[in-house]
Amino acid sequence: MKPFAYVNPANEKDAVAALAPEFERALPIGGGQDLLARMKDYITQPDRLVNVKNALESTVTSLDGGLKIGAAMKMADLAEHADVKRLYPAFAEAAIEVGTPQIRNQGTVGGNLNQRPRCWYFRNEEFHCFKKGGNTCFSITGENQFHAIFGGGPSFIVHPSSLAVPSVAYRATFRLVGPKGERLVPASEYFTLPTRNVRVENVLAPDELLTHVILPAPGNLKSGHYEVRYKTSHDWPIAFATVLLAMERTKGSTVGSARVVMGAVAPIPWRSQAAEKALAGKTITEATAAAAAEAALQGARPLSENAYKIQVAKTAVKRAILRAAGIQTV
Ligand SMILES: Cc1cc2nc3c(=O)[nH]c(=O)nc-3n(C[C@H](O)[C@H](O)[C@H](O)COP(=O)(O)OP(=O)(O)OC[C@H]3O[C@@H](n4cnc5c(N)ncnc54)[C@H](O)[C@@H]3O)c2cc1C
């Protein structure tokens, strides 16, 4: 591993001051599970690491009927937090499904949302792909069974964060802080397609930190979250979905509006407005859930080895809808 400096600031301001405007020269470190692995594999070689665990908040506070979650909070604490479970069950479910208890006990919310893609070409120093400043995506003609079926090109990674998907579904806002002060960015605008800047997955500048996830008052939502993994492995899911249903006030069994967001299918959390439209005005049954799942996967463009993900994602969407409606699924 290349030698690096380690800074341990006690507050947000000093943490930002220790970062640098150049790409990957100084990097924040939370639990270090993603970053240290990338450094050991010579994928990322910063001059300086900035520990954010003593600089950022690690608690949940109430805000305008919603919640404000500190980025230094451990995934394990998030998954068990009573208010998060009560107000945003799909957010807590996504957290509890991450890895293993040890991984959740080490990983932070900020690290989870900003972790880099799991693409095996990106993670191998031998492959100088778009994401490392190269001029190709090896997955196009290579091993692409876990890659994108939506929104790919020029890189075909899928976003690795489980929390990113319910963040978009619940209309979370991320608080970012940098040398010029703070800015609030909706989760739906934070994650970016490779066409914007293929080297990165979001709008965070190199000298900014993500400090909080702000979840708005949830209102009267029903929620469902469903992840499909290879066997019962602790590995990242093959496809998953968060579904939120707002029921009509007068006819409680009819969907007024829906929010359907899929994970592990695209370089960003992938919202399906077609599925949301298919659910509006319907009573949830096996048939209406299946029709919405069908709509969600319309337009998918699989690579040579990942067409199977279409069916997997359909199943995730359908079961998330049924769960949101309180209908038993496997
Ligand atoms: C076997 C295994 C299975 C896993 N399964 C899943 C899964 O199913 N779903 C899932 O979501 N994750 C999964 N993970 C990843 C896990 O959730 C990690 O906790 C997460 O990737 C990184 O958290 P961390 O705090 O250790 O991040 P770090 O390694 O410290 O940081 C990750 C990245 O985020 C940046 N960063 C950290 N904090 C901030 C901040 N506050 N602001 C801006 N940038 C920041 C760092 O610079 C770094 O680039 C899995 C991990 C393993 C090992």
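## Ligand shell and a buried lysine

Helix 7 gives the most to the shell around the ligand, with 4 residues. The model is predicted.

**The shell.** In total, 32 residues surround the ligand. The closest are Pro 28, Gly 30, Gly 32, Arg 38 and Ser 162. Sorted by class, the shell holds 14 nonpolar, 15 polar and 3 charged residues.

**Polar contacts.** The table lists N or O atoms of the protein that lie close to polar atoms of the ligand.

| Residue | Protein atom | Ligand atom | Distance |
|---|---|---|---|
| Pro 28 | backbone N or O | oxygen | 2.5 Å |
| Pro 160 | backbone N or O | oxygen | 3.3 Å |
| Trp 236 | side-chain N or O | nitrogen | 3.3 Å |

How much of the ligand's accessible area does the protein cover? On its own, the ligand has 990 Å² of accessible area, and the protein covers 92% of that. Four elements give two or more residues each to the shell: strand 2 (26-29), helix 2 (35-40), helix 7 (109-114) and strand 8 (209-215).

**Lys 131.** This residue lies in the loop between helix 7 and helix 8 (164-169). Is Lys 131 buried or exposed? Its relative accessible area is 4%. Buried means under 20%, so Lys 131 counts as buried. Which residues is Lys 131 in contact with, leaving aside neighbours within four places in sequence? They are Arg 116, Pro 117, Phe 122, Ser 155, Ile 157, Val 198, Arg 199, Val 200 and Glu 201.

How values were computed
Residues numbered from 1 in each chain as written. Predicted model: local features only at pLDDT ≥ 70, side-chain atom pairs only at ≥ 80, totals over all residues. Heavy atoms only, no water. Near = heavy atom within 4 Å. Polar contact = N/O pair within 3.5 Å; in protein donor to acceptor, adjacent residues only side chain to side chain. Areas by Shrake-Rupley, 256 points an atom, 1.4 Å probe, with all protein chains shown as cover. Nonpolar A, V, L, I, M, F, W, Y, C, P; charged D, E, K, R; others polar. Buried < 20%, exposed > 50% of the residue type's maximum accessible area, 1.4 Å probe, protein only. Contact = heavy atoms within 4.5 Å.
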